[in-house]
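Work through these exercises with the model open. Try each task before you read its solution.

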Amino acid sequence: MDVPYFVEVDEARRIAAEALSLLPLPAPVEVTLSAAHGRILAADLHSLVDDPPFDNSAMDGFAMRESDVPTVPTTLPIQSTVPAAAHDDMAPLEPGHAVRIMTGAPMPPGANAILPIERCEVGDGEVTLTAPVRTGFVRKQGENLRKGAAGLFAGAHLTPAKVGLCATMGHPTVPVRARLRVAVIPTGDELRPAGEPLRHGEVYESNSHGLVGLVRGMGHEPYHHPAVEDTLDGLRKALDAAAEASDMIVTSGGVSMGEWDLVRRLMEDEGDLRYWRVKIRPGSPPLFGLWKGTPLFGLPGNPVSSHVVFRLLVADAMRAWTGATGPIETTVRARLLDPVKSTNDCLTLRRVTVSLEDGEMVARQPRHQGSGNLESLASADALTLLPAGASGAIGETIDVMLL
Ligand code: AMP
Ligand code: MG
């Protein structure tokens, strides 16, 4: 077989990214902010205004000239009150006076300092300032972002904070990458949908449910296919239809060495296979290629494996293809409190729980690590990123990828 076989993770990523870079990507679309959550920004976004748009108070309290309060306590006459939405031209602050001000209200011309209300004793038409006034409580026009400056960059994954920032910058709509339509196709004769009775030898089909969520989490649109039986004809038909209707196909099952591993056989014989098998454990059987021009990831059938391979390879390919810089996988260092079994040739992803103990991140492996044990993934906080040959001994500090 002349396609790359049993490749390093980086090599698998490179092969997929290169193949995808040659394929057409659906054109960006403009969406309202309420539809922008979780999407991938398609262009740099510049602010239409200064943020904040005017000098304003960071505190409820009094505004005054710093030089009018050389010592404390000092008592100043109250000139007026500035509410939060003060549209009209404001009278300048008279020398030796204070103005009552709300959080976010514009600074009166001439004022340059604030004292929070908790430090003020308000009397009849006058205020006694009991602590030094602070220029730092003035939020200066444009101190966060200047009009015209880029606040967000193409490829950003629009988290809630970033969607909020779009509005702060004055954008009611934003250009985002079209969602990739991703066909999720589980394969296997033994798979039944939850809700139906199981006969001996059958299991509930679970991979597609996790994969659909993972696709959505990337900002894309899953097409949830019912399980396909292990026949070449049935599988070919399902792949043909998916290639027609979607931008990417993600199958699970049928990519190992067995006679019934028909996704692999079909991709070898009739598809355009680009790699098969990757140096990760669990999840070493995956393949990537094109089916009738549509990129296809063939994930392993074992439930933990399909999930892990999506996070490591499919998510990376989606980011590469769409130029997305997120969602990112967060990696932290943690010290092992249980031994973790490594392998000689694979990146090993064991399911661990992590917690902060005495200021240190520690990892435990409380569950048996069979790749069919989905409960071990559901109850985990992180996956170990143990390089090939690492010891995985108690006390070792390793990288873990948060789930
Ligand atoms: P395969 O990769 O097709 O040989 O499947 C490996 C193991 O994963 C077998 O025990 C399958 O029953 C199981 N499996 C495959 N696909 C799924 C699925 N979609 N949901 C749950 N288990 C699956
Ligand atoms: Mg199977």
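**Exercise 1. List the closest residues around ligand 1, then its polar contacts.**

Solution. Start with the shell: 15 residues surround ligand 1. A residue counts as near if one of its heavy atoms lies within 4 Å of the molecule. The closest are E190, E205, S206, G254 and G301. This is a predicted model: local features need pLDDT of at least 70, side-chain atom pairs count only at pLDDT 80 or more, and totals for chains, interfaces and linings use all residues. Residues are numbered from 1 along each chain as its sequence is written, chains are lettered from A and ligands numbered from 1 in the order written, and side-chain values use heavy atoms, without hydrogens and water.

Next, the polar contacts (pairs of N or O atoms within 3.5 Å).
- E190: a side-chain N or O atom is 2.5 Å from an oxygen atom of ligand 1.
- E205: a polar side-chain atom lies 2.8 Å from a nitrogen atom of ligand 1.
- G301: a backbone N or O atom lies 3.0 Å from an oxygen atom of ligand 1.

Then check burial. Ligand 1 alone exposes 480 Å², and the protein buries 76% of that (Shrake-Rupley method, 1.4 Å probe).

**Exercise 2. Sort the shell around ligand 1 by class.**

Solution. The shell has 4 nonpolar, 8 polar and 3 charged residues. Here Ala, Val, Leu, Ile, Met, Phe, Trp, Tyr, Cys and Pro are nonpolar, Asp, Glu, Lys and Arg are charged, and the others, Gly among them, are polar.

**Exercise 3. Which pocket holds ligand 1, and what lines this pocket?**

Solution. Ligand 1 sits in the largest pocket; sitting there requires more than half of its atoms within 2 Å of the grid points. A pocket is an open set of points on a 1 Å grid over the protein atoms alone, with protein on both sides within 12 Å along at least five of seven lines; lining residues have an atom within 4 Å of a point. The volume of the largest pocket is about 300 Å³, counted as the space filled by probe spheres set on the points. Its lining has 19 residues, with T187, E190, L191, G253 and G301 nearest the centre. By class, the lining divides into 6 nonpolar, 9 polar and 4 charged.

**Exercise 4. What is the volume of the largest cavity, and which residues line it?**

Solution. A cavity is a set of points where a 1.4 Å probe fits but cannot get out. The structure holds 1 cavity of 30 Å³ or more. The largest cavity has a volume of about 30 Å³. Its lining includes R351, T353, R367 and Q369.

How values were computed:
Polar contact = N/O pair within 3.5 Å; in protein donor to acceptor, adjacent residues only side chain to side chain.
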